[in-house]
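Here is a set of exercises with worked solutions to try at your own pace. Have a look at the sequence and the 3D view, then work through each task before reading on.

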Amino acid sequence: MEIKMTGRQYTMNILNGISLGVVVALLPSALVGQLMQAMQENFAVAAQIIMMTNFAMSLLPAIAAFCVGMQFKLNPIQSSAVAIAAMIGSGVMTSKNGQFILQGTGDIINTGITIALAVGLALVLGNKFKNYTILLLPLLVIVFAGGAGLLMLPSVRLIATSIGAMITHVTSLQPLLMGTLMGISFAVLIVSPISSVGIATAIGLAGISSGTANLGITAGSFMLAVYGSSVNNFGTTVAHFIGSPKIQMGNMLRKPRLFFPLAINAGMMGLLGALFEIKGTPMSAGFGFSGLIGPLTAYRQMPATLLNLTVICLLFVVLPVILAYVSRYLFVDRLKWIKPQDLLLEI
């Protein structure tokens with residue numbers, strides 16, 4: 001089957017598929033991981049749940065490849081070969097004393113590169129081998145695409161970790177400036193085709209950088225929910241922050257002016273997050289308020305006091321909501337720059 005598409009369509013399919021895979025593989029552990037660890041001593045099943053969710057995390061490359069395969073409508077043979085190549089190129093799997101060991105999620109950036117190569121090769125080969133497709137296509141995709149990913153892995157991993165270390169270092173030197181920038185950057189990422197969780201995990205975003213990124217996403221989530229609350233139903237409105245504001249991606253790309261108030265609110269919350277030294281982990285960064293992952297992780301990084309709990313509630317709920325209504329009054333009611341219909345979602 002011959003598939004013709006532009007480079008932009010190809011890239012978007014890769015990014016959208018990986019974004020779905022990241023959420024499916026990482027969200028279970030992010031939601032219950034810390035809770036299960038705290039309950040291990042008194043809840044026998046907790047250790048098994050941790051094992052299952054950690055296993056799901058390690059399957060991220062294969063799950064992402066599967067989701068990408070669906071975007072391209074690959075057949076089972078092609079999808080399976082791409083998934084195996086992704087596992088190899090991600091670096092999630094190592095061999096020791098003749099045994100294979102799964103650890104972590106692998107390098108997400110290199111996973112994406114490997115998937116892009118594997119999908120391209122699978123599409124080019126198509127059904128050229130006729131009856132021998134099931135024999136030759138998996139072999140060629142695994143060896144060439146998976147092998148290429150494996151060769152690139154050390155360099156890509158070095159670049160990603162260097163970027164993460166640089167961001168962490170600069171944040172320690174200029175926390176207010178970087179907190180503001182991280183808030184804006186991740187608020188924009190969360191409503192783009194790029195996975196905010198994938199980027200955060202790939203570069204190992206931690207500490208204040210992670211916390212302010214989550215606050216930026218939270219601010220954007222509540223702002224978009226409030227802006228569209230008069231034209232969207234209650235369930236859709238709540239889905240912006242309980243689920244993900246990425247549901248507004250189409251509207252954001254059609255109405256780029258929406259990024260202006262989004263950046264203002266996200267930057268303000270990022271600045272406040274830096275002032276209060278709100279922190280996070282590489283696994284929590286990029287989720288924002290979704291599943292309460294951002295606020296719960298931030299609270300666990302602080303002494304468990306009533307004051308700190310109040311600070312978390314103020315920063316992750318009260319202030320983002322207030323900012324959202326102030327922003328709506330300014331940009332929707334007064335200046336008329338934005339219309340509620342710009343945020344309409346027909347789901």
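Helix H1 (7-39) and helix H8 (196-203) each contribute at least two residues to the lining of the largest pocket. Keep in mind that this is a predicted model, in which local features need pLDDT of at least 70, side-chain atom pairs count only at pLDDT 80 or more, and totals for chains, interfaces and linings use all residues. Residues are numbered from 1 along each chain as its sequence is written, and side-chain values use heavy atoms, with hydrogens and water left out.

**Exercise 1. The pocket**

Describe the largest pocket by its volume, its lining and the classes of its residues.

Solution.
- Step 1, the terms. On a 1 Å grid over the protein atoms alone, a pocket is an open set of points where a 1.4 Å probe fits, with protein on both sides within 12 Å along at least five of seven lines; lining residues have an atom within 4 Å of a point. Grid points are joined across faces, edges and corners, and the volume is the space filled by probe spheres set on the points.
- Step 2, the volume. The largest pocket holds about 340 Å³ of space.
- Step 3, the lining. It is lined by 20 residues, and those closest to its centre are Ser19, Val23, Ile190, Ser244 and Lys246.
- Step 4, the helices. H1 gives the most to this lining, with five residues. Helices here are DSSP runs (H or I, at least four residues), numbered from the N terminus.
- Step 5, the classes. The lining of the largest pocket has nine nonpolar, ten polar and one charged residues. In this scheme Ala, Val, Leu, Ile, Met, Phe, Trp, Tyr, Cys and Pro are nonpolar, Asp, Glu, Lys and Arg are charged, and the others, Gly among them, are polar.

**Exercise 2. An aromatic pair**

Work out why the pair of Phe241 and Phe289 has the geometry class it has, and which parts of the chain it ties together.

Solution.
- Step 1, the rule. Rings of Phe, Tyr and Trp (its six-membered ring) pair if their centres lie within 6.5 Å; planes under 30 degrees apart are stacked, over 60 edge-to-face, and the rest tilted.
- Step 2, the count. This rule gives seven aromatic pairs.
- Step 3, the geometry. The ring centres of Phe241 and Phe289 are 6.2 Å apart and their planes stand at 70 degrees, so the pair is edge-to-face.
- Step 4, the location. Because Phe241 lies in helix H10 (residues 234-242) and Phe289 in the loop between helix H12 (259-275) and helix H13 (293-300), the pair ties together parts that are 48 residues apart in sequence.
- Step 5, the burial. Buried means under 20% relative accessible area, exposed over 50%, and partly exposed in between (1.4 Å probe, protein chains only). Phe241, at 17%, counts as buried, and Phe289, at 10%, counts as buried too.
- Step 6, the cluster. Phe222, Phe241 and Phe289 form one aromatic cluster.

**Exercise 3. A salt-bridge network**

Which residues do salt bridges that share partners join into one network?

Solution.
- Step 1, the rule. A salt bridge is a side-chain nitrogen of Lys or Arg within 4 Å of a carboxyl oxygen of Asp or Glu. The count comes to two.
- Step 2, one bridge. Asp342 pairs with Lys255, with the closest N and O atoms 3.9 Å apart. This pair links the segment after helix H14 (306-334), where Asp342 sits, to the loop between helix H11 (249-254) and H12, where Lys255 sits, 87 residues apart.
- Step 3, the other bridge. Arg257 and Asp342 meet at 3.3 Å, N to O. Arg257 lies in the loop between H11 and H12 and Asp342 in the segment after H14, so this pair ties together parts 85 residues apart in sequence.
- Step 4, the network. Lys255, Arg257 and Asp342 are thus joined into one network.
- Step 5, the exposure. Asp342 is buried at 7%, whereas Lys255 is partly exposed at 29% and Arg257 is partly exposed at 40%.

**Exercise 4. Positive phi**

Where are Lys73 and Lys336 found, and are they buried or exposed?

Solution.
- Step 1, the background. Most residues other than glycine have a negative phi.
- Step 2, Lys73. This residue has a positive phi of about 55 degrees. Lys73 is found in the loop between helix H3 (60-72) and H4, and is exposed at 66% relative accessible area.
- Step 3, Lys336. Here phi is near 60 degrees, again a positive value. Lys336 is in the segment after H14, and is exposed at 59%.
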